[in-house]
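Colleague: I am new to this structure and would like a close look at a single part of it. Please take me through that part slowly, and then connect it to whatever else is worth knowing.

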Amino acid sequence: MKTVIVTGSTSGIGLGIAENFAINGFNVVLNGLGDEKEIEATRARLDTMGAGEVIFHGANMLEPEEISDLVKSAEKKFGAIDILVPNAGIQHVEKIEDFPPAKWDAIIGINLSSAFHLIRAAMPGMKERKFGRVISIASAHGLVASPYKSAYVAAKHGMLGLIKTVALEGAEFGITANAICPGYVETPLVSGQIADTAKARNMSEEDVVTEVILKAQPTKQFVQVGQIAALALYLSSEQAAQITGAALPMDGGWTAQ
Ligand code: NAD
């Protein structure tokens, strides 16, 4: 039975990915912030979904030692970590001249550096067992920029560099590393930025959805969490062994333009 760690899986995309792995019989380590009782209810729900066991570790993605403990305790519990999904992320939308430096640090820390700490801690075990899958949730903003998202765009571009490097270092050890680059997905992260974007661009929130968010995507539709979860499951499989170092857009055609 294989084991997967999904960071930031108490909500949104990470939760959908964790759920799909649970349904398909993996052991799952959930992680993220939130209300303790709600997290336990989510853990218990996912635990009944498949043959594997679902546990929770509350490592803060800004704390390298807690990330290292997340990997160590999961290895101790399940014997091995087979799949890593660095997914935790936050957003802040503001002009660069007004962008708070503390927000820059937090976004680089949670959206990029946490993936480095996670992979660094799990790589020795993966190399030893000659199997590993790193599937990071980057963004279309790993490939192209949008105004007012300096830290997020920088972090996601950085994530692609990290993933390519890990792909090269893991190539002869049965380890693949890829980044999924979603366009807009309706999650709490996006709902939160609609208001900020409306303020930054002096527009109504309704206009932000049609004129900014869905305008970027030729399909004029949000990406669904289940679609990303299905790609993550495929990338974890043996059939995907030769896909490595790739940035895979799932963005309704956004980055084709
Ligand atoms: P979300 O807000 O629903 O979920 C974010 C998760 O990260 C939550 O579980 C939260 O608790 C966790 N998290 C935040 N700070 C943390 C910290 N310090 N320590 C541990 N966990 C922390 O957002 P989402 O939309 O599901 O985003 C998930 C990932 O997908 C992010 O990396 C985001 O950049 C990326 N993404 C989202 C979209 C989108 O449109 N929603 C598009 C492309 C990429």
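Modeller: Let me begin with Lys220, which is found in the loop between α7 (205-213) and α8 (225-235). Please keep in mind throughout that this is a predicted model. The phi angle of Lys220 is near 60°, a positive value in a residue other than glycine. As background, most residues other than glycine have a negative phi. Lys130 is another residue to look at in this respect, with a phi near 55°, again positive in a residue other than glycine. Lys130 belongs to the loop between α4 (101-129) and β5, and it is exposed, because its relative accessible area is 51% and the cut-off for exposed is over 50%.

From the loop of Lys220 we can step back to helix α7, which packs against α6 at an angle of about 95°, with the two axes 9 Å apart. Angles from 65 to 115 degrees count as roughly perpendicular, and α6 and α7 are therefore roughly perpendicular to each other. On the α6 side the contact involves Val190, Ile194, Ala195, Thr197, Ala198 and Arg201, and these meet Glu205, Val208, Val209, Val212 and Ile213 in α7. Sorted by class, this contact has eight nonpolar, one polar and two charged residues.

A second helix pair is found with α1 (residues 12-23) and α2 (residues 36-47), whose axes are 9 Å apart and whose packing angle is about 30°. Angles under 35 degrees count as roughly parallel, and α1 and α2 are therefore roughly parallel to each other. Here Leu15, Ala18, Glu19 and Ala22 of α1 meet Thr42, Arg45 and Leu46 of α2, and by class the contact has four nonpolar, one polar and two charged residues.

Turning to the aromatic rings, the count of aromatic pairs comes to two. One is formed by Phe21 and Phe26 and is edge-to-face, with 4.8 Å from centre to centre and 80° between the planes; Phe21 and Phe26 are both buried. In the other, the ring centres of Tyr184 and Trp254 are 5.1 Å apart and the planes lie at 10°, so this pair is stacked. The pair of Tyr184 and Trp254 links distant parts of the chain, since Tyr184 is in the loop between β6 (175-182) and α6 (188-201) while Trp254 is in the segment after β7 (247-250), 70 residues apart. Tyr184 and Trp254 are both buried as well.

Rings also take part in two arrangements with lysines. The charged end of Lys2 sits over the ring of Phe131, 4.6 Å from the ring centre, and Lys127 lies over the face of Phe173, at 4.9 Å from the centre of that ring.

Both Lys127 and Phe131 come up again around Ile175, a residue of strand β6 that counts as buried because its relative accessibility is 2%. Apart from neighbours within four places in sequence, Ile175 is in contact with Met123, Met126, Lys127, Phe131, Gly132, Ala167, Gly170 and Thr244. Leu46, which was named above in the contact of α1 with α2, is 129 residues from Ile175 in sequence and 27 Å from it in space, C-alpha to C-alpha.

Gly132 appears in that list, and strand β5 covers residues 132-137, with Ser136 lying in it. Ser136 is buried, with a relative accessible area of 0%. When residues up to four places away in sequence are not counted, Ser136 touches Pro86, Met159, Ile163, Asn178, Ala179 and Ile180.

The last stop is Gly109, which is found in helix α4. Gly109 is buried, with a relative accessible area of 12%. With neighbours within four places in sequence left aside, the contacts of Gly109 are Met61, Leu62 and Ser114. Of these, Leu62 is 47 residues away from Gly109 along the chain, yet the C-alpha atoms of the two are separated by 5.6 Å.

Definitions and conventions:
Residues numbered from 1 in each chain as written. Predicted model: local features only at pLDDT ≥ 70, side-chain atom pairs only at ≥ 80, totals over all residues. Heavy atoms only, no water. Axes fitted to C-alpha atoms, helices over the stretch in contact; angles between N-to-C directions. Helix = DSSP H or I, 4+ residues; strand = E, 2+ residues; numbered from the N terminus. Parallel < 35°, antiparallel > 145°, perpendicular 65-115°, else oblique. Contact = heavy atoms within 4.5 Å. Nonpolar A, V, L, I, M, F, W, Y, C, P; charged D, E, K, R; others polar. Phe/Tyr/Trp six-rings, centres within 6.5 Å; stacked < 30°, edge-to-face > 60°. Buried < 20%, exposed > 50% of the residue type's maximum accessible area, 1.4 Å probe, protein only. Lys NZ or Arg CZ within 6 Å of the ring centre and 35° of its normal.
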